[in-house]
Amino acid sequence: MGAGHSHGAAIPSGTAAGRHKSRLTLALALTSAFMAVEVIGGLWTGSLALLADAAHMLTDAGGLALALIAIRFAERPATPQKTYGYVRMEVLSALINAVVLLGLTFYILYEAYQRFLHPPEVRSGPMLAVAALGLVVNLISMKLLAAGSSESLNVKGAYFEVLSDMLGSLGVLAAAAIIMFTGWTLIDPIIGAGIGLFIVPRTWILLRQAVHILMEGTPPDIDMTLLEGKLLAVQGVTAVHDLYVWTITSGMDAMSCHLVVADLTKARRILAEASAAMKEGFGISHSTIQIEDAAHRASEGDPGPGQRPSLNISGDHDEQI
C-alpha cells in the first residue's frame, strides 16, 4: 500500500486577510466600544430597540473577532500536541457566540412582549442621538473594511456584518423619530423585536455551521459523488473506499481515502494525479491517500484498514508519495 500526504500550510500574514488585520482590529474596537454605549443608552432611555441593536452589534463584534481569530491562529505553527495547530479556535468561538446570541434574542423577544402589555416611557431625544452616533460608527467601519472586502472572503464576511448593523441603526433612528413626533412608544418594542428576529436566522446558520464542522461533517460545497468520480477517473484506479472529507476550520478542508490500483508500479503517478484532482477540482490541499494492490485485495478479500499490506511508500506534497 502506498500512502501520499499533501499539506496546506498555515495561512501566512501576507494573505489578503492578513494585510487588512489592522483595519479589522480598528473596526472591532469601534464596534465593541459603541456596543457598550448602546447598552448604557438603552438602559438610560428605556429603549428596547437600542438594546436590541446592541445585541445586533454583538453579532458584528463576534464576526469581526472570528475573522481576526482565523488570521491570528492560522499563523501559529502546529505542535506535537496540536497537530492541526489552533485553527479550530475559530469554530469554538463561533459556537459560543451563536449560543450567547440566541439567549440574548429570546430575552429581547420576551422583553418586547412585556412592553406590548405595559409600554414604558421612552426618551426619544437621547435615543435618536445614540442611534445617529451608531450609524456614524457603522459607516466608519464599513469604510475601513470596504477595500479588503473585494480581496478576502474573510474580510467580506466582516463587512457584511457591519452593513447589516447599519440597517439596524436606521431602524432605531426611525423608531426614535416616530416616538419624538407622534408619541407612539409601541414602535420601540416593534423595532426591537424586529431586530431580534433579524438576528435569529444568521445566528442559527452560524450555530449549524460550527456544529457541522465539529462533527466533521462533509463540507457543504463538496459533492461526494463528483469527488469520488474524479478519483475513479484517474488512470489505473479500479476502486475507491474509506473516503472521508471534513472541514478543519472555515476555508481549510481535508480528505483521506484508499485507492485500489491495478499496478503498484504506477503508484507515484496515481498519487500525484489524485492529489492534483483534489486541489484543482475541490480546493482540498490537505489530502492523505493510500494505495492498495487490486490483485492482492481480490485474492485476500477486504481484511480491514488495520490488516492491509503496506509497501511503506511515503512522501510530501511535491511528490505525493
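**Helices, a hairpin and salt bridges**

Q: Does the length of helix α2 add up, or what span should its 25 residues have?
A: At 1.5 Å a residue, the 25 residues of helix α2 (residues 21–45) should span 36 Å. The C-alpha atoms at its ends are 35 Å apart, which agrees. The expected span is 1.5 Å times one less than the number of residues. Helices (H or I, at least four residues) and strands (E, at least two) are DSSP runs, numbered from the N terminus.

Q: What sort of model is this, and how are residues numbered?
A: This is a predicted model, with residues numbered from 1 along each chain as its sequence is written. Local features need pLDDT of at least 70 and side-chain atom pairs count only at pLDDT 80 or more, while totals for chains, interfaces and linings use all residues; side-chain values use heavy atoms, leaving out hydrogens and water.

Q: Back to α2. Which of its residues are buried?
A: Among them are Leu24, Leu28, Phe34 and Met35. Glu38 is also on that list. Buried means under 20% relative accessible area, exposed over 50%, and partly exposed in between (1.4 Å probe, protein chains only).

Q: What follows α2?
A: Gly46, with a positive phi near 80°.

Q: Now α9. Which residues are buried there?
A: Ala267, Ile270, Leu271, Ala274, Ser275, Ala277, Met278 and Phe282. They cover an arc of only 150° around the axis, which puts them on the same side of α9. The arc is that of the directions from the helix axis to the C-beta atoms.

Q: What's the general rule about residues pointing the same way?
A: An α-helix has 3.6 residues a turn, so residues three or four places apart point the same way.

Q: New topic. How many salt bridges are there?
A: The structure holds 4. A salt bridge is a side-chain nitrogen of Lys or Arg within 4 Å of a carboxyl oxygen of Asp or Glu.

Q: Which residue does Arg269 pair with in a salt bridge?
A: Glu273, with the closest N and O atoms 3.2 Å apart. Both lie in α9, 4 residues apart, about one turn of the helix. Salt bridges that share partners also join Glu111, Arg115 and Asp188 into one network.

Q: How far apart are N and O for Arg115 and Glu111?
A: 3.3 Å. Both residues sit in helix α4 (residues 89–117). Arg115 counts as buried because its relative accessibility is 10%. Glu111 is buried too, at 19%.

Q: And Asn138, is that buried or exposed?
A: Buried, at 1% relative accessibility. Asn138 lies in helix α5 (residues 124–149).

Q: What is Asn138 in contact with, leaving aside neighbours within four places in sequence?
A: Met57, Val162, Asp165, Met166 and Ser169. Contact means heavy atoms within 4.5 Å.

Q: What about Phe181, buried or exposed?
A: Exposed, with a relative accessible area of 68%. Phe181 is in helix α6 (residues 153–182).

Q: Last one: how do strands β2 and β3 pair?
A: In the antiparallel sense, over 9 bridges. Two strands pair if DSSP finds at least two bridges between them. β2 covers residues 237–249 and β3 covers residues 252–261. Trp246 has Ala254 in β3 as its bridge partner.

Q: What's in the turn?
A: The two strands form a hairpin with 2 residues between them. Gly251 in the turn has a positive phi of about 85°.
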